[in-house]
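Q: Please take a close look at one part of this model for me. Start with a single side chain and its partner, then follow the trail from there. Keep it brisk.

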Amino acid sequence: MEPALPPFHPRVPELLEHLKLRALDAIKWNLLACVPAGAESTEPTVVLKFGSEPRKTESIEYEIRIIRDVLPTVERDEFERLVLPEYLDDGQFEDIRWMTARFLPGRPLVHDWSESSRKPEIWGGRGIDVGTAALAVGVLRDLRSVDIRSLPAFVRRFDFARWLQEFGAKSETMIAKGFLERPAVAAAVKILTSAASRQYEGSMFTNGDFYPRNFILSENGKIAVVDWVGGIDPWEFVAMYAWMMMWGNPQWQIAYLREIIEHFPLDVTEMRIGLLVRAFEQAYFWRDAAEDRIGPARNQMLAYFQEALDEDYLRDLFS
């Protein structure tokens, strides 16, 4: 079990009894590896995800629809690396929304990555092998091969124009908290408003949280991507998010960018927009997190935001 997990929901024992499951391991605080209650096996067969807080419940509802209704329709014959999760069941137990999926054997990289300064050995991806960078780009290529035109209307699509409107209020919050200065925000607005909105309304299907923490590495070199609360995003945003979330592992970042440069045609301006958007959003997401725990991670995201304002920095990054 990963150390320092937050407390479990107090109804978890009753939930497990209701579902006739026995927990073998905690992948995350709301994600358990299980077997049927009467089984003697020590190898998990089922993954149970649950939540009762409104935001978490809404997220689970959406993930159920993606895993149950969308992933089975995705054409995967040409996939080189990617394995998709398989839906089993879902339901409501009193105030807990839950879903189950088939357990995917392999090594979950979730335990090798942390945003917390209390886990310095795995902080920012330090515990993840550099070799997975090439595998990650293979998965990115597989995801980009999915025909987004075939996806149902409920699948979330990134709306750049709407995001720009929200950026104004969010950036004021970041200024008030002392995380950003107004000239930097003004420079970002100038760059962002010069971009053609339609260009950034989504070009690939993604789990929405694409980076090694959500990978399960199998023995045959395949990678299962989990935590499917995503949709259709600009590929530059997905690519840059994976890069920046590995801030604690510069060698991984170098290997990853080399693979990106080899396999994808690049537009530095588009990658710059991706880095600005995703770095800002991650820093904003951590805006209220404790300084002693998340402060260094948040500062790294803010540093990426500042660096993305410098076009020469981006050109050097991809040269």
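A: E86 is partly exposed, with a relative accessible area of 38%. Keep in mind that this is a predicted model. The value for E86 lies between the 20% and 50% limits, so the residue counts as neither buried nor exposed. Which residue does the side chain of E86 meet in a salt bridge? The partner is R102, and the N to O distance is 3.0 Å. R102 and E86 are 16 residues apart, and the pair links distant parts of the chain. R102 belongs to strand 6 (residues 96-102). E86 is in the loop between strand 4 (82-83) and strand 5 (87-93). R102 is partly exposed too, at 39% relative accessible area.

Why can such a pair form? Side chains of opposite charge can pair when their charged atoms come close.

How many salt bridges does a search of the whole structure find? The count is 24. Another one joins D69 and R68, whose closest N and O atoms are 2.9 Å apart. D69 has a relative accessible area of 33%, so it is partly exposed. R68 is partly exposed as well, with 35%. These two residues also belong to a network of salt bridges. E61, D90 and R97 are linked into that network with them.

Now take a pair with a contrast. E291 forms a salt bridge with R298, and the closest N and O atoms are 2.7 Å apart. Are the two partners buried or exposed, or partly exposed? E291 is partly exposed, with a relative accessible area of 47%. R298 has 1% relative accessibility, so it counts as buried.

Strand 6, the home of R102, leads to the next feature. This strand gives the most to the lining of the largest cavity, with four residues. How is such a space found? Rolling a probe the size of a water molecule over the atoms shows where empty space is left. The count comes to one cavity of 30 Å³ or more. The largest cavity holds about 360 Å³ of space. Its lining is made up of 24 residues. Nearest its centre lie L31, V47, I216, V226 and D227. Several elements each supply at least two residues of the lining, among them strand 1 (21-28), strand 3 (46-51), helix 2 (54-70) and strand 10. What kinds of residues line the cavity? They divide into 16 nonpolar, two polar and six charged.

D227 deserves a second look. This residue is found in the loop between strand 11 (223-225) and strand 12 (231-233). At 14% relative accessibility, D227 is under the 20% limit, so it counts as buried. Its backbone stands out. Most residues other than glycine have a negative phi, and most peptide bonds are trans. D227 is not a glycine, yet its phi is positive, at about 65°.

K20 offers a parallel. Its phi is near 55°, again a positive value in a residue other than glycine. K20 is found in the loop between helix 1 (12-19) and strand 1. Is K20 buried or exposed? K20 is exposed, with a relative accessible area of 59%. D227, by contrast, is buried at 14%.

D227 also leads to N214. N214 touches D227 and V226, two of the residues that lie nearest the centre of the largest cavity. Other residues touched by N214 include K28, N207, D209, A224 and V225. N214 has its place in the loop between strand 9 (204-206) and strand 10 (215-217). What does the side chain of N214 reach? It reaches the backbone oxygen of D209, at 2.8 Å. N214 has a relative accessible area of 3%, so it is buried.

One last stop takes us to T173, in helix 4 (residues 160-176). T173 is partly exposed, with a relative accessible area of 26%. Leaving aside neighbours within four places in sequence, T173 is in contact with Y284 and R287. How far is T173 from V83? The two are 90 residues apart in sequence and 39 Å apart in space, C-alpha to C-alpha.

Technical notes
Residues are numbered from 1 along each chain as its sequence is written. This is a predicted model: local features need pLDDT of at least 70, side-chain atom pairs count only at pLDDT 80 or more; totals for chains, interfaces and linings use all residues. Side-chain values use heavy atoms; hydrogens and water are left out. Buried means under 20% relative accessible area, exposed over 50%, partly exposed in between (1.4 Å probe, protein chains only). A polar contact is a pair of N or O atoms within 3.5 Å; within protein, one must be able to donate a hydrogen and the other to accept it, and residues adjacent in sequence count only if both atoms are side-chain atoms. Contact means heavy atoms within 4.5 Å. A salt bridge is a side-chain nitrogen of Lys or Arg within 4 Å of a carboxyl oxygen of Asp or Glu. On a 1 Å grid over the protein atoms alone, a cavity is a set of points where a 1.4 Å probe fits but cannot get out, and a pocket is an open set with protein on both sides within 12 Å along at least five of seven lines; lining residues have an atom within 4 Å of a point. Grid points are joined across faces, edges and corners, and a volume is the space filled by probe spheres set on the points. Ala, Val, Leu, Ile, Met, Phe, Trp, Tyr, Cys and Pro count as nonpolar, Asp, Glu, Lys and Arg as charged, and the others, Gly among them, as polar.
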